[in-house]
Amino acid sequence: MTPAPAPEVLKAPLVVEFPFTRSLGPVQSAFLTGLRERTVLGVRTAGGRVLVPPVEYDPDTAAELRDLVEVAPTGTVTTWAWNPAPRRGQPLSTPFAWALVRLDGADTALLHALDAPGPDAVRTGMRVRVRWAEEREGSITDIACFEPYDGPATHEPGPHDGVFADPVTGIVAPARLDYTYAPGRAQSRYLAALAGRKTVGERCPSCRKVYVPPRGACPTCGVATEEQVEVGPGGTVTTFCIVNIKARNLDIEVPYVYAHIALDGADLALHGRIGGIPYDQVRMGLRVTPVWTEGGRYPDHYRPTGEPDADYDTYKELL
Amino acid sequence: MRDVAIVAFGQSGTRRTSAEVSEVEMLMPVLHQVLGAVGLRAGEIDFTCSGSSDYLAGRAFSFTMALDGVGAWPPIAESHVEMDGAWALYEAWVKLLTGEADTALVYSYGKSSPGDLPEVLTRQLDPYYVAPLWPDSVSLAALQAQALIDAGDTDERALAEVAARGRNAAADNRHAQVTRSAPPGALLDAPYLVRPLRRHDCPPIGDGAAAVVLAAGDTARRLCARPAWIRGMDHRIEPHGLGVRDLTRSPSTRLAATRAGAFEAPVDLAELHAPFTSQEIILRRELELDDGVRLNPSGGAPAANPMMAAGLIRLGEAAAALHRGDADRALAHATSGPCLQQNLVAVLEGEAR
Amino acid sequence: MSKEPVAVVGIGQTKHTAARRDVSIAGLVREAAVRALEDAELTWADIDAVVIGKAPDFFEGVMMPELYLADALGAVGKPMLRVHTAGSVGGSTALVAANLVAARVHRTVLTLAFEKQSESNAMWGLSLPVPFQQPLLAGAGGFFAPHVRAYMRRTGAPPAIGALVAYKDRRNALLNPYAHLHEQDLTLEKVQSSPMLWDPIRYSETCPSSDGACAMVLTDRTGASRAPRPPAWMHGGAMRSEPTLFAGKDCVSPRAGRDCAADVYRQAGITDPRREIDAIEMYVPFSWYEPMWLENLGFAAEGEGWKLTESGVTEIGGDLPVNPSGGVLSTNPIGASGMLRFAEAALQVRGRAGEHQVEGVRTALGHAYGGGSQFFAMWVVGAAPPST
């Protein structure tokens with residue numbers, strides 16, 4: 001038995017990023033199009049409250065809301081928080097206050113940034129007005145921020161049909177989150193062995209099955225696997241598919257064979273690509289061995305060994 | 001209503017990072033701990049329910065790998081909520097109330113260390129009007145704290161006292177991440193993180209896991225010397241928009257507590273999940289907890305706040321106090337969402353000694 | 001005290017399509033919820049709690065979107081639970097909601113599941129890169145295709161069976177106004193000659209990617225007695241899970257699926273599902289899963305499922321219709337797909353399935369699965385209340 005060595009802690013950056021495409025529906029479409037036209041819309045509930053920003057459904061009654069009104073771009077701070085170190089994506093890159101602002105004519109408050117020289121210049125109850133972004137496209141960031149404002153309301157609230165030329169019906173919301181991924185002990189041990197071109201599984205102390213790749217727990221017994229067992233290099237294709245569509249950001253020419261491969265000595269199949277044989281000649285039971293390339297963390301693919309095919313009965317339990 | 005109790009509670013320590021272990025490697029010892037406490041194997045548990053979040057992990061379907069730690073073979077009756085484990089416990093409690101199960105394993109875990117938690121939590125917000133501004137969770141809590149200060153309900157000194165009390169209470173809690181505090185007055189010398197909040201007003205960011213075992217009736221009595229009977233449990237949600245709510249109040253907490261029977265008799269202990277100090281002020285008022293109630297003897301969120309597990313830990317800590325005989329009637333609370341949007345309250349009792 | 005019987009008195013779904021660009025996420029779920037309330041002739045105030053489900057949050061890029069959806073679903077001041085059990089989630093969500101009624105915690109519960117896949121891209125959402133792992137595939141088709149090949153090898157099923165299922169389900173979808181795919185001029189030949197994507201799975205044997213939502217109103221006996229239209233009664237419901245991958249896993253016929261089916265049949269008093277169940281709404285994202293699940297669920301002996309399909313038994317006019325709605329092969333808003341199976345089974349026993357109604361359905365099975373063929377959720381519903 002080979003006891004598991006203490007692994008080096010592996011880590012790697014993981015970026016989850018996508019430009020989400022969001023359709024708006026009528027109320028949100030009117031509001032964001034309005035911002036593009038320097039017009040702030042709210043929505044009136046059956047109870048007479050004016051909600052800004054306008055939501056589609058009444059928080060109190062769940063009723064659908066469609067009765068748009070125009071409110072002023074001026075308002076009053078209802079609460080605030082001084083943010084001395086703005087983060088990525090926030091409205092201003094210099095220190096600013098987050099503020100909830102009740103616009104004149106509205107009964108609820110809108111969250112945005114308030115540009116002020118410092119926290120001493122901000123207080124609850126202070127008057128502010130919208131500072132419009134120079135380039136507006138129909139999004140909440142068409143309001144660049146709020147700024148201090150001493151005057152009265154510039155608009156009287158009044159009905160608005162919400163109709164604008166060329167309305168915005170959707171937004172693109174790019175979102176990027178940066179993570180540091182750490183695969184943990186068992187996978188780190190597995191990866192360390194792969195660096196020496198060895199495939200090392202782990203045996204469950206309870207059921208004695210050998211897991212490749214090991215994932216830290218024997219999933220049927222719920223206990224840690226620690227005893228390392230080298231498996232392969234030879235193995236048997238238990239089943240496969242022929243991939244004919246090229247996936248984005250996957251640098252593999254199609255068609256190729258994606259196979260489940262039971263390495264000799266392992267109690268379940270791992271997944272790999274089959275090469276060195278025309279794709280339409282790959283078959284269940286094919287005997288294969290890994291092919292490594294310089295610098296590769298994993299075998300690039302598995303190729304036929306030339307041995308006779310394994311009999312179905314020898315691997316059917318691994319399907 | 002069927003008698004259902006928390007009969008075992010376990011947790012990992014909460015630590016700033018746990019990069020050396022995968023989620024299942026962090027979770028599995030905790031599962032062994034609670035199952036060991038009641039002498040059951042996973043296969044002898046009638047229902048399993050867990051809580052976790054893909055957004056913390058940065059990977060879709062992340063909970064499927066954690067199931068490896070349970071030993072779900074032969075197959076088990078199992079469910080998962082994308083919520084704090086307190087709500088997983090709620091789902092399991094309901095399952096036991098139907099009579100279809102006599103025992104349940106509930107677990108939850110969260111690793112905040114892989115990502116930038118305050119930034120990750122911006123993805124919880126209204127995706128059209130708010131999330132594009134990336135307002136971090138500390139800033140939103142600061143808006144709530146300022147509203148509370150403006151209303152004359154607290155001040156920065158009182159908030160520091162909340163933090164200091166929590167961290168000093170956690171001095172004996174080996175699972176806590178931050179223990180012991182400078183005196184409140186000294187805490188006020190620190191700079192603001194997001195005014196009016198300082199670092200001590202915010203929970204430590206950490207990784208952790210927790211698990212409980214639930215059992216009904218005589219099974220509970222057999223598995224635990226003094227079961228923590230769930231006398232009532234309820235949860236409620238508020239509108240999502242911060243500008244629609246009165247941030248100084250928590251009507252959902254109050255309603256959940258009423259429905260859970262919290263006001264029918266006084267409690268002697270309360271475990272509140274108030275990630276930010278100002279939120280404890282709000283919760284205490286809504287729950288009518290006076291100075292006679294022992295509040296967060298575990299230290300609460302100021303001492304450790306592993307996302308997705310922290311609410312379940314409140315229920316577990318309250319139950320453990322009943323198991324030990326340190327309390328007779330306890331209230332446990334969990335929260336989710338920005339500025340206390342969603343709240344759960346449970347009332348637990350031990351039988352007379 | 002025994003469990004409270006659970007009745008489905010309201011069902012609603014959206015028109016499913018590749019991209020619902022006319023509504024927000026809230027607007028999408030709302031559409032299904034309002035239709036379910038209208039069916040039940042109830043208002044928001046009649047709902048005691050909301051149980052919502054969907055697949056990974058990354059699909060829409062909103063973490064715990066139920067927080068934002070509380071207002072749209074009338075959940076303010078009420079309990080709201082969010083379930084996520086991968087592809088089976090729509091079914092699991094309905095079962096969690098049903099338990100609230102069965103346990104007498106609530107009288108009337110709204111349950112809903114959705115996916116708005118057009119907000120991102122399903123291929124992206126399903127295949128987020130994971131450091132240190134070898135990228136070999138993208139999407140679900142390649143993951144499941146080897147299991148299909150294993151099924152074919154194990155049973156000797158002729159290669160043409162998959163196309164029969166796809167042709168049947170897509171034809172059934174023409175009878176369902178809510179279905180995503182309405183391929184009016186589809187022929188069996190077109191299915192058989194469609195491109196081979198993940199051999200042995202062809203393009204036309206693959207589920208689409210849809211925006212859609214499904215909602216149901218579940219209630220107790222009192223609620224059912226006031227319902228304006230016939231309810232569907234729940235006779236059994238169960239979830240079963242097994243690990244994603246393990247030594248000895250039967251990927252073709254997972255034991256969790258067999259055990260789950262056995263549990264719901266036991267609850268419903270069903271001893272011969274082939275004879276006692278009149279229609280099935282089964283989670284078939286790739287055509288070959290119909291014969292595979294027929295065996296797994298006990299409708300055919302091992303190795304014989306494809307014969308039911310081949311002989312036309314599973315057609316809408318056959319004696320065991322499978323997916324009269326058109327199924328997942330015609331409509332796949334991932335998180336909602338399982339609830340659609342549960343809801344369509346309920347529509348059948350209520351006699352309210354419209355043009356795709358199967359005649360004389362008294363008992364129907366709704367089935368969902370997810371993850372690596374590891375999470376199963378099922379219910380049996382009947383036109384008559386349970387006898388207990």
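1. A residue counts as exposed if 12 or fewer other C-beta atoms lie within 10 Å of its own C-beta, as buried if there are 20 or more, and as partly exposed in between. Arg197(A) has 11 C-beta neighbours inside 10 Å, so Arg197(A) counts as exposed. The residue sits in the loop between α2 (185-195) and β12 of chain A. Its phi is positive, about 60°, although Arg197(A) is not a glycine. The model is predicted, and the backbone value at this position should be read as part of a prediction.

2. Chain B has a comparable case. Trp134(B) is not a glycine, yet its phi is positive at about 55°. Trp134(B) is placed in the loop between α5 (117-120) and α6 (137-150) of chain B. With 19 C-beta neighbours inside 10 Å, Trp134(B) counts as partly exposed, because the buried class begins at 20.

3. Two cis peptide bonds in chain A deserve a note. One runs from Val212(A) to Pro213(A), with omega near -10°; Pro213(A) belongs to the loop between β13 and β14 of chain A. Another runs from Gly232(A) to Pro233(A), with omega near 5°. Pro233(A) lies in the loop between β14 and β15 of chain A.

4. The strands β13, β12 and β14 of chain A form an open sheet in the order β13-β12-β14, with antiparallel pairing. Its edges are β13 (210-211) and β14 (227-231), each of which pairs on one side only. Between β12 (residues 199-203) and β14(A) there are 5 bridges, in the antiparallel sense. Within this pair, Val200(A) is opposite Glu230(A).

5. Which strand of chain C does β15 of chain A pair with? The partner is β5(C): β15 (residues 235-243) and β5(C) pair in the antiparallel sense over 2 bridges. Val243(A) stands opposite Trp198(C) in this pairing.

6. The wider contact between these chains involves 47 residues of chain C and 47 residues of chain A. On the side of chain C, the elements that give two or more residues are α1 (25-40), α4 (122-126), α5 (141-155) and β5 (196-199). The largest share, 6 residues, comes from α5(C). By class, this side of chain C has 29 nonpolar, 9 polar and 9 charged residues.

7. Chain B contains 12 helices and 12 strands. Its radius of gyration is 19 Å, close to the 20 Å that the globule rule gives for 353 residues, so chain B is as compact as a globular protein of that length. The C-alpha atoms fill a box of roughly 55 × 45 × 35 Å along the principal axes. Of the 353 residues, 73% count as buried. Among contacts in chain B with a separation of 6 or more, 80% are between residues 24 or more positions apart.

8. One helix pair in chain B can be described in detail. The axes of α7 (residues 156-169) and α11 (residues 277-287) come within 8 Å and cross at roughly 95°; the two helices are therefore roughly perpendicular to each other. From α7(B), the residues Ala158(B), Leu159(B), Val162(B) and Ala163(B) meet Thr277(B), Ser278(B), Glu280(B) and Ile281(B) of α11(B). The contact is made of 5 nonpolar, 2 polar and 1 charged residues.

9. Chain C has 14 helices and 11 strands. A compact globule of 388 residues would have a radius of gyration near 21 Å, and the 19 Å of chain C agrees with this. Its C-alpha trace spans about 55 × 45 × 45 Å along the principal axes. In chain C, 70% of the 388 residues count as buried. Of the contacts between residues at least 6 apart in sequence, 79% join residues at least 24 apart.

10. Is strand β3 of chain C covered or uncovered on its faces? Both faces of β3 (residues 80-83) are covered, with Met80(C) and Arg82(C) buried on one side and Leu81(C) and Val83(C) buried on the other. β3(C) runs parallel to β2 (residues 49-53) of chain C, joined by 4 bridges. The bridge partner of Ile52(C) in β3(C) is Arg82(C).

11. Val109(C) lies in β4 (residues 108-116) of chain C and is buried, with 28 other C-beta atoms within 10 Å. Beyond its neighbours within four places in sequence, its contacts include Asp48(C), Ala49(C), Val51(C) and Leu218(C). Val109(C) and Met80(C), 29 residues apart in sequence, are 10.0 Å apart from C-alpha to C-alpha.

Conventions. Residues numbered from 1 in each chain as written. Chains lettered and ligands numbered in written order. Predicted model: local features only at pLDDT ≥ 70, side-chain atom pairs only at ≥ 80, totals over all residues. Contact = placed C-beta atoms within 7 Å. Nonpolar A, V, L, I, M, F, W, Y, C, P; charged D, E, K, R; others polar. Pairing = 2+ DSSP bridges. Rg over C-alpha atoms; globule rule 2.2 N^0.38 Å. Axes fitted to C-alpha atoms, helices over the stretch in contact; angles between N-to-C directions. Parallel < 35°, antiparallel > 145°, perpendicular 65-115°, else oblique.
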